[in-house]
Structure formats: C-alpha cells, structure tokens
Amino acid sequence: MALILCLETATTNCSVALSQDGALLALKEDKSNNYSHAEKLHVFIDEILKENNLAVDDLDAIAVSKGPGSYTGLRIGVSTAKGLCFSLNIPLISIATMASLAAQVELKKGFVIPMLDARRMEVYSTVFDKDLNEIRETKAEVLDENSFTDYLEKDKTVFIGSGVEKFKAICTHSNAEFILDKLPSAREMCSLAEAKYKISDTEDVAYFEPYYLKDFIAS
C-alpha cells in the first residue's frame, strides 16, 4: 500500500496532501494571496504526519507539482521534495501542475483548459479532453477574443484557474464555461501520483528541475 506525500507550491496555494493507494488521507492548505511556502510547507508536512501517527520513514514516495507556476514557489517545493527523497532513499514523482488543476473538473464531453495567470493578458494553459488526456501541450500565450476558438467551436469548453477571469472578460462564446478563483491543490495530485508510482514513472532526484516554461523575470 503506497503512502505518498504530495506537495503543491506552484501558485499562492501552499498545499500538502497525504495519500494511501491514491486515496486522500489528509490535506493542509494555505490559500491566502501571500506566498507562505517558505514559512508553512515544512510545518504542514510535520503536522500532517504527526496527526496521522506517521513518520517520514513510513513514506513510500514524494510527489511534487513540477510547474509551470511561480519560480520561487516551484523552487521551494522541488527542493523540499528532492531533499526528502534523497535522505529517505525513496522515489520522486513529478505531477504536471496543469493536470492536477484540470482534475478538479468532471466532464462527460468537451474540453478542460486550465490556465494560470502570467503577466498582463498572458496565461499558461493546456488543453485536456473529457478524460483528462492532454491534447495540446502547455504554452505561454497572450489572450485575445479568438483564443481557443478551435475547441469552443467543437464542444463545451471549461476554463479553470487563476487566469480565467481575464479571459472571461473578452470571451463571449456560448460553449465557454468559466470556473473562477481555483488554484492547483495537492488533493488532486493523489490519484495522479499513485498511477505514476504503480508504473515506476519517477524522476532522477539529482537532476530533476521544475518546468518553468519561461525564463524567470524579476519584478
């Protein structure tokens, strides 16, 4: 029975989940608008293990959100995960941030497009089908009124994430559905991490790096 610790730090949501065989055992999150990862990530890890009468030695693997997202947030999450995996000699599993965000949506038909806010009218986005298979890779793109028309013309298309509000302001297509104010969470990482664990789809702890998508620009 795989016991996996899942870490999500790609956005302002500092999120830690504990899963067993893909089922959520416990979750701790700070969804405030402030980046609290440096202060709270290790605290959440300690608390979630103690509250479930577990020690780090009981873990079978660590899963971490690999991006895209906040440069600093990703660095904190990945460095924490790599440190734990190295010291415990357990596998490191990476989960695409967009995949766990898309997993918050249940569809019988159509498309799911998670999008994270970047700068100005820019977002990071990926396109998934109703079964959450990735059908278009993650891109950084500038939004306009014709964005995602190819999918909107075909079927219902659900947009979810921190970048949705600015697209809603310019998109009037009848097939568009908007889910606002949602952030990636470690909750949805549980089943995704279990699936990767079962097939030994793991990362090289020494060389794994977050998926930044774009070069970091300090502001």
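## Two helices side by side

At what angle do helix α1 and helix α2 pack, and how far apart are their axes? In this predicted model, α1 covers residues 37–51 and α2 covers residues 71–88. They pack at an angle of about 35°, and their axes are 10 Å apart. Those two values are worth having together: two packed helices are described by the angle between their axes and the distance between the axes. As for handedness, α1 passes α2 in a right-handed crossing.

Now look at who meets whom. On the α1 side you'll find His 37, Ala 38, Leu 41, His 42 and Ile 45, and they meet Ile 76, Gly 77, Thr 80 and Leu 84 of α2. Sort the residues of this contact by class and you get five nonpolar, four polar and no charged ones.

## A closer look at α2

Helix α2 is 18 residues long, and from its first C-alpha to its last it reaches 26 Å. That is close to the 26 Å expected at 1.5 Å a residue. Right after α2 comes Asn 89, with a positive phi near 60°.

Which residues of α2 are buried? They are Gly 73, Leu 74, Gly 77, Val 78, Thr 80, Ala 81, Lys 82, Leu 84 and Cys 85. Notice that Lys 82 is on that list of buried residues. Their cover includes helix α1 along with the strands β1 (3–8), β4 (61–65) and β5 (92–95).

## The sheet behind the helices

Five strands make an open sheet here, in the order β3-β2-β1-β4-β5, and the pairing is mixed. β3 and β5 stand at the edges with a single partner strand each, so one side of each has no neighbour in the sheet. From one strand to the next, the twist averages 20°.

Zoom in on β2 and β3: they pair in the antiparallel sense over seven bridges. Within this part of the sheet, Ala 17 stands opposite Leu 27 in β3. Helix α1 packs on the sheet and touches β1, β2 and β3, with its direction making about 25° with that of β2. Helix α2 packs on the sheet too, touching β1, β4 and β5, and its direction makes about 170° with that of β4.

## Odd spots in the loops

A few loop residues deserve a click. Asp 21 sits in the loop between β2 (14–20) and β3 (23–30). Its phi is positive, about 55°, although Asp 21 is not a glycine. Why does Asp 21 count as partly exposed? Because its relative accessibility is 40%, and partly exposed runs between 20% and 50%.

Asn 53, in the loop between α1 and β4, is another residue other than glycine with a positive phi, near 55°. Asn 53 counts as exposed because its relative accessibility is 72%, and the cut-off for exposed is over 50%. Then there's Pro 68, in the loop between β4 and α2. The peptide bond leading from Gly 67 to Pro 68 is cis, with omega near 5°.

## Another five-stranded sheet

Further along the chain, an open sheet of five strands runs in the order β8-β7-β6-β9-β10, with mixed pairing. Its edge strands are β8 (134–142) and β10 (176–179), and each of them pairs on one side only. The twist in this sheet averages 20° from one strand to the next.

In which sense do β6 and β9 pair, parallel or antiparallel? Strand β6 (residues 111–117) and strand β9 (residues 157–160) pair in the parallel sense, over four bridges. For a pair to find on screen, try Ile 113, whose bridge partner in β9 is Phe 159.

Definitions and conventions. Residues numbered from 1 in each chain as written. Predicted model: local features only at pLDDT ≥ 70, side-chain atom pairs only at ≥ 80, totals over all residues. Heavy atoms only, no water. Axes fitted to C-alpha atoms, helices over the stretch in contact; angles between N-to-C directions. Left-handed = near helix turned anticlockwise from the far one by under 90°. Contact = heavy atoms within 4.5 Å. Nonpolar A, V, L, I, M, F, W, Y, C, P; charged D, E, K, R; others polar. Expected span 1.5 Å × (residues − 1). Buried < 20%, exposed > 50% of the residue type's maximum accessible area, 1.4 Å probe, protein only. Pairing = 2+ DSSP bridges.
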